[in-house]
Amino acid sequence: MEAKRKTQEQEKEKEALAAQVDIWKYVSAFTPMAVLKCAIELQICETVESHGGSITLPELSVALHCSPSALHRIMRYLIHHGFFMQTRIIRDQESSVCYTQTPKSRLLLKDGMAALILLESSPVMLAPWHGLSGRVMLKGAYPFEAAHGGVDLWKYAAANPDHSKLFNDAMACHARLAVSAIIDQYPEAFEGAGSLVDVGGGDGTALKTLVNAFPWIRGINYDLPHVLSIAPHHEGVEHVGGDMFEMVPKGDAAFLMWVLHDWSDEECIRILRNCMDAIPKDKGKVIIVEAVVRESEEDDEYIEFRFALDMVMMAHTERGKERTCKEWKHLINEAGFTKYTLKHIKAIVSVIEAYP
(Lines give C-alpha, C1' and ligand atoms only; values in the text may rest on other atoms or scores of the structure.)
Protein backbone atom coordinates (compact mmCIF):
# COMPACT_ATOMS: atom_id res chain seq x y z
CA MET A 1 0.00 0.00 0.00
CA GLU A 2 2.82 2.40 0.91
CA ALA A 3 4.57 1.79 -2.43
CA LYS A 4 1.29 2.40 -4.29
CA ARG A 5 0.72 5.65 -2.39
CA LYS A 6 4.23 6.86 -3.22
CA THR A 7 3.73 5.99 -6.90
CA GLN A 8 0.48 7.98 -6.96
CA GLU A 9 2.16 10.95 -5.31
CA GLN A 10 4.99 10.82 -7.83
CA GLU A 11 2.50 10.74 -10.70
CA LYS A 12 0.69 13.77 -9.26
CA GLU A 13 3.98 15.62 -8.95
CA LYS A 14 4.82 14.83 -12.58
CA GLU A 15 1.40 16.05 -13.70
CA ALA A 16 1.75 19.25 -11.65
CA LEU A 17 5.20 19.91 -13.11
CA ALA A 18 3.98 19.23 -16.66
CA ALA A 19 1.06 21.62 -16.10
CA GLN A 20 3.43 24.30 -14.82
CA VAL A 21 5.70 23.91 -17.85
CA ASP A 22 2.65 24.16 -20.11
CA ILE A 23 1.48 27.38 -18.46
CA TRP A 24 4.96 28.89 -18.90
CA LYS A 25 4.43 28.38 -22.65
CA TYR A 26 1.30 30.54 -22.44
CA VAL A 27 3.10 33.16 -20.35
CA SER A 28 5.52 33.67 -23.24
CA ALA A 29 3.06 32.82 -26.02
CA PHE A 30 3.36 36.23 -27.67
CA THR A 31 7.12 35.87 -28.06
CA PRO A 32 7.18 33.69 -31.22
CA MET A 33 4.91 36.10 -33.12
CA ALA A 34 6.94 39.12 -31.98
CA VAL A 35 10.28 37.56 -32.97
CA LEU A 36 8.95 36.47 -36.37
CA LYS A 37 7.61 39.98 -36.95
CA CYS A 38 11.07 41.31 -36.09
CA ALA A 39 12.71 38.88 -38.54
CA ILE A 40 10.29 39.88 -41.30
CA GLU A 41 10.71 43.61 -40.71
CA LEU A 42 14.51 43.26 -40.69
CA GLN A 43 14.28 41.14 -43.88
CA ILE A 44 16.55 38.53 -42.38
CA CYS A 45 15.28 35.76 -44.66
CA GLU A 46 15.66 37.84 -47.82
CA THR A 47 19.19 38.78 -46.79
CA VAL A 48 20.20 35.17 -46.13
CA GLU A 49 18.63 34.15 -49.45
CA SER A 50 20.49 36.89 -51.33
CA HIS A 51 23.76 35.46 -49.97
CA GLY A 52 23.06 32.05 -51.47
CA GLY A 53 21.04 30.76 -48.52
CA SER A 54 23.94 30.85 -46.04
CA ILE A 55 25.53 33.75 -44.16
CA THR A 56 27.73 34.41 -41.11
CA LEU A 57 26.69 36.60 -38.19
CA PRO A 58 29.18 39.40 -39.04
CA GLU A 59 27.98 39.41 -42.66
CA LEU A 60 24.34 39.47 -41.60
CA SER A 61 24.79 42.23 -39.03
CA VAL A 62 26.65 44.41 -41.58
CA ALA A 63 24.01 43.81 -44.25
CA LEU A 64 21.16 44.68 -41.87
CA HIS A 65 23.02 47.47 -40.02
CA CYS A 66 22.21 45.65 -36.77
CA SER A 67 23.88 45.12 -33.42
CA PRO A 68 25.73 41.78 -33.69
CA SER A 69 24.95 40.83 -30.09
CA ALA A 70 21.23 41.58 -30.36
CA LEU A 71 21.01 39.89 -33.76
CA HIS A 72 22.78 36.81 -32.35
CA ARG A 73 20.08 36.49 -29.68
CA ILE A 74 17.29 36.79 -32.26
CA MET A 75 18.95 34.18 -34.48
CA ARG A 76 19.50 31.85 -31.51
CA TYR A 77 15.78 31.97 -30.75
CA LEU A 78 14.84 31.40 -34.40
CA ILE A 79 17.24 28.44 -34.71
CA HIS A 80 15.74 26.87 -31.58
CA HIS A 81 12.32 27.02 -33.26
CA GLY A 82 13.47 25.58 -36.58
CA PHE A 83 13.87 28.86 -38.46
CA PHE A 84 17.41 28.56 -39.85
CA MET A 85 20.10 26.11 -38.80
CA GLN A 86 23.78 26.54 -38.08
CA THR A 87 26.32 25.01 -40.42
CA ARG A 88 30.10 25.24 -40.49
CA ILE A 89 31.88 26.13 -43.74
CA ILE A 90 35.49 26.74 -44.77
CA ARG A 91 36.31 30.13 -46.29
CA ASP A 92 39.85 31.21 -47.06
CA GLN A 93 41.10 28.22 -45.10
CA GLU A 94 39.19 29.39 -42.02
CA SER A 95 36.20 27.70 -40.45
CA SER A 96 33.09 29.88 -40.05
CA VAL A 97 29.64 29.26 -38.57
CA CYS A 98 26.82 30.22 -40.93
CA TYR A 99 23.06 30.59 -40.70
CA THR A 100 21.35 28.50 -43.34
CA GLN A 101 17.75 28.61 -44.58
CA THR A 102 15.21 25.92 -43.65
CA PRO A 103 11.76 25.20 -45.12
CA LYS A 104 10.23 27.19 -42.22
CA SER A 105 12.44 30.24 -42.72
CA ARG A 106 11.67 30.30 -46.45
CA LEU A 107 7.98 30.71 -45.56
CA LEU A 108 8.92 34.08 -44.07
CA LEU A 109 9.96 35.35 -47.49
CA LYS A 110 7.67 37.86 -49.22
CA ASP A 111 5.89 35.21 -51.29
CA GLY A 112 5.44 32.90 -48.27
CA MET A 113 3.33 33.52 -45.16
CA ALA A 114 4.93 36.74 -43.92
CA ALA A 115 1.90 38.91 -44.73
CA LEU A 116 -0.34 36.87 -42.43
CA ILE A 117 2.08 37.33 -39.53
CA LEU A 118 2.42 41.07 -40.18
CA LEU A 119 -1.36 41.51 -40.17
CA GLU A 120 -2.08 39.57 -37.00
CA SER A 121 0.88 41.12 -35.16
CA SER A 122 -0.06 44.68 -36.09
CA PRO A 123 -1.19 47.00 -33.26
CA VAL A 124 -4.57 47.40 -34.97
CA MET A 125 -5.30 43.67 -34.82
CA LEU A 126 -3.70 43.06 -31.41
CA ALA A 127 -5.63 45.74 -29.53
CA PRO A 128 -9.07 44.01 -29.72
CA TRP A 129 -7.77 40.92 -27.91
CA HIS A 130 -7.78 42.91 -24.68
CA GLY A 131 -11.57 43.16 -25.00
CA LEU A 132 -12.26 39.45 -25.43
CA SER A 133 -13.66 38.95 -21.93
CA GLY A 134 -16.01 41.89 -22.48
CA ARG A 135 -17.27 40.22 -25.66
CA VAL A 136 -18.01 37.00 -23.77
CA MET A 137 -19.84 38.93 -21.03
CA LEU A 138 -21.73 41.01 -23.64
CA LYS A 139 -20.44 44.25 -22.14
CA GLY A 140 -20.32 47.27 -24.44
CA ALA A 141 -19.04 47.29 -28.01
CA TYR A 142 -17.46 44.38 -29.83
CA PRO A 143 -13.68 44.11 -29.22
CA PHE A 144 -12.52 45.63 -32.52
CA GLU A 145 -14.98 48.50 -32.27
CA ALA A 146 -14.17 49.07 -28.60
CA ALA A 147 -10.48 49.35 -29.46
CA HIS A 148 -10.96 51.61 -32.49
CA GLY A 149 -13.50 54.26 -31.61
CA GLY A 150 -16.65 52.36 -32.49
CA VAL A 151 -15.54 51.54 -36.05
CA ASP A 152 -15.68 47.93 -37.31
CA LEU A 153 -12.89 46.20 -39.23
CA TRP A 154 -14.30 46.96 -42.68
CA LYS A 155 -14.92 50.66 -42.10
CA TYR A 156 -11.52 50.96 -40.45
CA ALA A 157 -9.84 49.43 -43.51
CA ALA A 158 -11.78 51.70 -45.86
CA ALA A 159 -10.60 54.78 -43.94
CA ASN A 160 -7.00 53.61 -43.46
CA PRO A 161 -5.28 52.64 -46.74
CA ASP A 162 -2.16 51.29 -45.01
CA HIS A 163 -4.18 48.84 -42.93
CA SER A 164 -6.33 47.98 -45.95
CA LYS A 165 -3.18 47.01 -47.86
CA LEU A 166 -1.89 45.01 -44.88
CA PHE A 167 -5.21 43.14 -44.75
CA ASN A 168 -5.42 42.53 -48.50
CA ASP A 169 -1.79 41.36 -48.65
CA ALA A 170 -2.56 38.83 -45.90
CA MET A 171 -5.68 37.61 -47.73
CA ALA A 172 -3.66 37.28 -50.93
CA CYS A 173 -1.08 35.26 -48.99
CA HIS A 174 -3.79 32.89 -47.77
CA ALA A 175 -5.31 32.74 -51.26
CA ARG A 176 -2.03 31.49 -52.76
CA LEU A 177 -1.81 28.74 -50.15
CA ALA A 178 -5.44 27.64 -50.11
CA VAL A 179 -6.12 27.81 -53.85
CA SER A 180 -2.91 25.96 -54.65
CA ALA A 181 -3.98 23.20 -52.24
CA ILE A 182 -7.41 22.95 -53.91
CA ILE A 183 -5.88 22.86 -57.40
CA ASP A 184 -3.56 20.04 -56.33
CA GLN A 185 -6.09 17.99 -54.36
CA TYR A 186 -9.54 18.77 -55.74
CA PRO A 187 -9.39 20.32 -59.25
CA GLU A 188 -12.76 18.76 -60.06
CA ALA A 189 -14.42 21.60 -58.16
CA PHE A 190 -13.87 23.90 -61.15
CA GLU A 191 -14.93 21.59 -63.96
CA GLY A 192 -17.53 23.19 -66.21
CA ALA A 193 -17.08 26.68 -64.79
CA GLY A 194 -16.65 28.90 -67.85
CA SER A 195 -17.02 32.00 -65.72
CA LEU A 196 -16.26 32.23 -62.01
CA VAL A 197 -17.21 35.11 -59.71
CA ASP A 198 -14.90 35.47 -56.71
CA VAL A 199 -17.13 37.20 -54.16
CA GLY A 200 -14.98 39.27 -51.80
CA GLY A 201 -11.94 38.38 -53.90
CA GLY A 202 -9.65 41.14 -52.63
CA ASP A 203 -6.81 41.93 -55.02
CA GLY A 204 -7.66 39.02 -57.32
CA THR A 205 -4.86 36.67 -56.28
CA ALA A 206 -7.19 33.68 -55.91
CA LEU A 207 -8.66 34.14 -59.40
CA LYS A 208 -5.25 34.78 -60.92
CA THR A 209 -4.06 31.45 -59.51
CA LEU A 210 -7.20 29.64 -60.71
CA VAL A 211 -7.14 31.14 -64.21
CA ASN A 212 -3.48 30.18 -64.59
CA ALA A 213 -4.36 26.59 -63.64
CA PHE A 214 -7.64 26.43 -65.58
CA PRO A 215 -7.31 28.71 -68.64
CA TRP A 216 -10.92 28.14 -69.70
CA ILE A 217 -12.17 30.13 -66.70
CA ARG A 218 -13.14 33.77 -67.18
CA GLY A 219 -12.61 35.36 -63.78
CA ILE A 220 -14.76 38.12 -62.26
CA ASN A 221 -13.20 39.55 -59.12
CA TYR A 222 -15.98 41.16 -57.08
CA ASP A 223 -15.21 43.36 -54.07
CA LEU A 224 -15.75 46.82 -52.62
CA PRO A 225 -14.57 49.70 -54.82
CA HIS A 226 -11.88 50.90 -52.39
CA VAL A 227 -10.37 47.39 -52.40
CA LEU A 228 -10.32 47.17 -56.19
CA SER A 229 -8.92 50.69 -56.60
CA ILE A 230 -5.43 49.33 -55.81
CA ALA A 231 -5.90 45.80 -57.18
CA PRO A 232 -3.37 44.92 -59.92
CA HIS A 233 -4.39 43.83 -63.39
CA HIS A 234 -4.44 40.06 -63.93
CA GLU A 235 -4.77 38.44 -67.35
CA GLY A 236 -8.17 36.75 -67.63
CA VAL A 237 -9.59 38.52 -64.57
CA GLU A 238 -12.08 41.40 -64.62
CA HIS A 239 -12.44 43.57 -61.51
CA VAL A 240 -16.03 44.51 -60.70
CA GLY A 241 -16.91 46.77 -57.77
CA GLY A 242 -20.03 46.34 -55.68
CA ASP A 243 -21.62 45.13 -52.46
CA MET A 244 -22.24 41.41 -51.98
CA PHE A 245 -25.11 42.21 -49.63
CA GLU A 246 -26.91 43.91 -52.52
CA MET A 247 -26.11 41.71 -55.52
CA VAL A 248 -23.54 39.38 -57.10
CA PRO A 249 -22.52 39.48 -60.81
CA LYS A 250 -23.69 36.65 -63.05
CA GLY A 251 -21.43 33.65 -63.61
CA ASP A 252 -21.44 29.87 -64.03
CA ALA A 253 -20.25 29.55 -60.45
CA ALA A 254 -19.66 31.78 -57.44
CA PHE A 255 -16.58 31.40 -55.26
CA LEU A 256 -16.47 32.43 -51.59
CA MET A 257 -13.21 31.94 -49.74
CA TRP A 258 -12.68 33.11 -46.15
CA VAL A 259 -15.67 35.45 -46.50
CA LEU A 260 -18.64 33.89 -44.74
CA HIS A 261 -16.75 33.28 -41.50
CA ASP A 262 -16.71 37.07 -41.02
CA TRP A 263 -20.50 37.32 -40.80
CA SER A 264 -23.54 36.21 -38.78
CA ASP A 265 -25.83 33.40 -39.94
CA GLU A 266 -28.43 35.88 -41.19
CA GLU A 267 -25.81 37.83 -43.15
CA CYS A 268 -24.34 34.63 -44.61
CA ILE A 269 -27.77 33.49 -45.78
CA ARG A 270 -28.28 36.84 -47.50
CA ILE A 271 -24.92 36.58 -49.28
CA LEU A 272 -25.59 32.97 -50.30
CA ARG A 273 -29.03 33.85 -51.71
CA ASN A 274 -27.46 36.63 -53.78
CA CYS A 275 -24.92 34.10 -55.06
CA MET A 276 -27.69 31.65 -55.94
CA ASP A 277 -29.48 34.39 -57.90
CA ALA A 278 -26.28 34.94 -59.92
CA ILE A 279 -25.74 31.35 -61.14
CA PRO A 280 -27.67 29.13 -63.60
CA LYS A 281 -30.33 27.05 -61.85
CA ASP A 282 -29.59 23.94 -63.92
CA LYS A 283 -25.80 23.71 -63.75
CA GLY A 284 -24.55 26.48 -61.47
CA LYS A 285 -23.02 26.10 -58.03
CA VAL A 286 -21.49 28.08 -55.20
CA ILE A 287 -18.03 26.99 -54.07
CA ILE A 288 -17.40 27.83 -50.42
CA VAL A 289 -13.84 27.54 -49.07
CA GLU A 290 -13.76 27.84 -45.29
CA ALA A 291 -12.36 26.22 -42.18
CA VAL A 292 -14.78 23.53 -40.99
CA VAL A 293 -14.49 22.91 -37.26
CA ARG A 294 -14.23 19.23 -36.43
CA GLU A 295 -14.70 18.87 -32.69
CA SER A 296 -13.59 15.23 -32.49
CA GLU A 297 -9.90 14.61 -31.87
CA GLU A 298 -9.33 12.94 -35.22
CA ASP A 299 -6.08 12.80 -37.16
CA ASP A 300 -6.01 16.41 -38.26
CA GLU A 301 -2.90 18.57 -37.88
CA TYR A 302 -4.92 21.76 -38.42
CA ILE A 303 -7.49 21.33 -35.64
CA GLU A 304 -5.69 23.67 -33.23
CA PHE A 305 -5.54 26.44 -35.83
CA ARG A 306 -9.23 26.17 -36.67
CA PHE A 307 -10.10 26.65 -33.01
CA ALA A 308 -7.68 29.59 -32.92
CA LEU A 309 -9.30 31.11 -36.02
CA ASP A 310 -12.64 30.99 -34.23
CA MET A 311 -11.11 33.10 -31.45
CA VAL A 312 -9.77 35.51 -34.10
CA MET A 313 -13.31 35.90 -35.43
CA MET A 314 -14.55 36.65 -31.92
CA ALA A 315 -11.90 39.33 -31.41
CA HIS A 316 -12.01 40.96 -34.84
CA THR A 317 -15.59 40.72 -36.09
CA GLU A 318 -19.03 41.45 -34.70
CA ARG A 319 -20.75 38.13 -35.34
CA GLY A 320 -18.29 36.08 -37.38
CA LYS A 321 -17.31 32.53 -36.42
CA GLU A 322 -15.84 29.30 -37.71
CA ARG A 323 -18.56 26.69 -38.21
CA THR A 324 -19.07 22.95 -37.85
CA CYS A 325 -20.46 20.69 -40.60
CA LYS A 326 -23.89 20.91 -38.96
CA GLU A 327 -23.78 24.71 -38.92
CA TRP A 328 -22.74 24.88 -42.58
CA LYS A 329 -25.59 22.52 -43.50
CA HIS A 330 -28.04 24.84 -41.73
CA LEU A 331 -26.82 27.91 -43.63
CA ILE A 332 -26.93 26.18 -47.00
CA ASN A 333 -30.42 24.81 -46.42
CA GLU A 334 -31.75 28.14 -45.14
CA ALA A 335 -30.35 29.90 -48.21
CA GLY A 336 -32.48 27.61 -50.40
CA PHE A 337 -29.93 25.26 -51.92
CA THR A 338 -31.19 21.75 -52.66
CA LYS A 339 -27.97 19.83 -52.02
CA TYR A 340 -24.32 20.23 -51.12
CA THR A 341 -21.08 18.29 -50.88
CA LEU A 342 -18.21 18.70 -48.43
CA LYS A 343 -14.63 17.84 -49.32
CA HIS A 344 -11.88 17.91 -46.69
CA ILE A 345 -8.40 18.52 -48.05
CA LYS A 346 -4.96 18.65 -46.42
CA ALA A 347 -5.21 22.34 -45.57
CA ILE A 348 -6.75 24.57 -42.94
CA VAL A 349 -9.82 24.95 -45.20
CA SER A 350 -12.35 22.55 -46.71
CA VAL A 351 -14.36 22.86 -49.95
CA ILE A 352 -18.17 23.02 -49.85
CA GLU A 353 -20.16 22.96 -53.09
CA ALA A 354 -23.79 24.12 -52.90
CA TYR A 355 -26.26 23.55 -55.73
CA PRO A 356 -29.58 25.34 -56.44
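Of the 356 residues of the chain, 46% count as buried, where buried means under 20% relative accessible area, exposed means over 50% and partly exposed lies in between (1.4 Å probe, protein chains only). What you have open is a predicted model, in which local features need pLDDT of at least 70 and side-chain atom pairs count only at pLDDT 80 or more, while totals for chains, interfaces and linings use all residues. Residues are numbered from 1 along each chain as its sequence is written, and side-chain values use heavy atoms, with hydrogens and water left out.

**Stop 1: the whole chain**

Start with a cartoon view. You will find 17 helices and twelve strands; these are DSSP runs numbered from the N terminus, with helices being H or I of at least four residues and strands E of at least two. Along the principal axes, the C-alpha atoms fill a box of roughly 70 × 70 × 45 Å. Take contact to mean heavy atoms within 4.5 Å: among contacts with a separation of 6 or more, 63% join residues 24 or more positions apart.

Now switch on a surface. About 19,000 Å² is exposed, and carbon and sulfur atoms supply 57% of it; such areas come from the Shrake-Rupley method with a 1.4 Å probe, and for residues only the protein chains shown count as cover.

**Stop 2: the largest nonpolar core**

Next, select Phe190, Leu196, Leu210, Phe255 and Met257. They have the most contacts inside the largest nonpolar core, which has 31 residues. A nonpolar core is a set of buried Ala, Val, Leu, Ile, Met, Phe, Trp, Tyr and Cys residues joined through side-chain atoms within 4.5 Å. Which elements give two or more residues to this core? Colour helix H12 (161–185), helix H13 (205–213), strand S7 (253–257) and strand S8 (285–290) to see them. H12 provides the largest share, six residues. Apart from this core lies another of 30 residues, including Val197, Leu256, Ile279 and Ile288.

**Stop 3: Phe190 and Leu196**

Zoom in on Phe190, in the loop between H12 and strand S4 (195–199). Is Phe190 buried or exposed? Phe190 counts as buried because its relative accessibility is 1%. Beyond residues up to four places away in sequence, Phe190 touches Ile182, Leu196, Leu210, Phe214, Trp216, Ile217, Phe255 and Ile287. Try the distance tool on Phe190 and Ile287: they are 97 residues apart in sequence, with 8.8 Å between their C-alpha atoms.

Move on to Leu196. Outside its neighbours within four places in sequence, its contacts include Leu207, Arg218, Gly219, Ala253 and Ile287.

**Stop 4: aromatic rings**

Show the rings of Phe, Tyr and Trp (its six-membered ring). They pair if their centres lie within 6.5 Å; planes under 30 degrees apart count as stacked, over 60 as edge-to-face and the rest as tilted. The whole structure holds eight aromatic pairs. One of them joins Tyr302 and Phe305 edge-to-face, at 6.5 Å centre to centre and 65 degrees between the planes. Tyr302 counts as partly exposed because its relative accessibility is 26%; Phe305 is also partly exposed, with a relative accessible area of 45%.

Finish by selecting Trp154, Phe167, Phe245 and Trp263, which form one aromatic cluster. Trp154 sits in helix H11 (residues 153–159) and is partly exposed, at a relative accessible area of 25%. What does Trp154 touch, not counting residues up to four places away in sequence? Its partners are Phe167, Asp262 and Trp263. For a last distance, pick the C-alpha atoms of Trp154 and Ser164, ten residues apart along the chain: they are separated by 8.7 Å.
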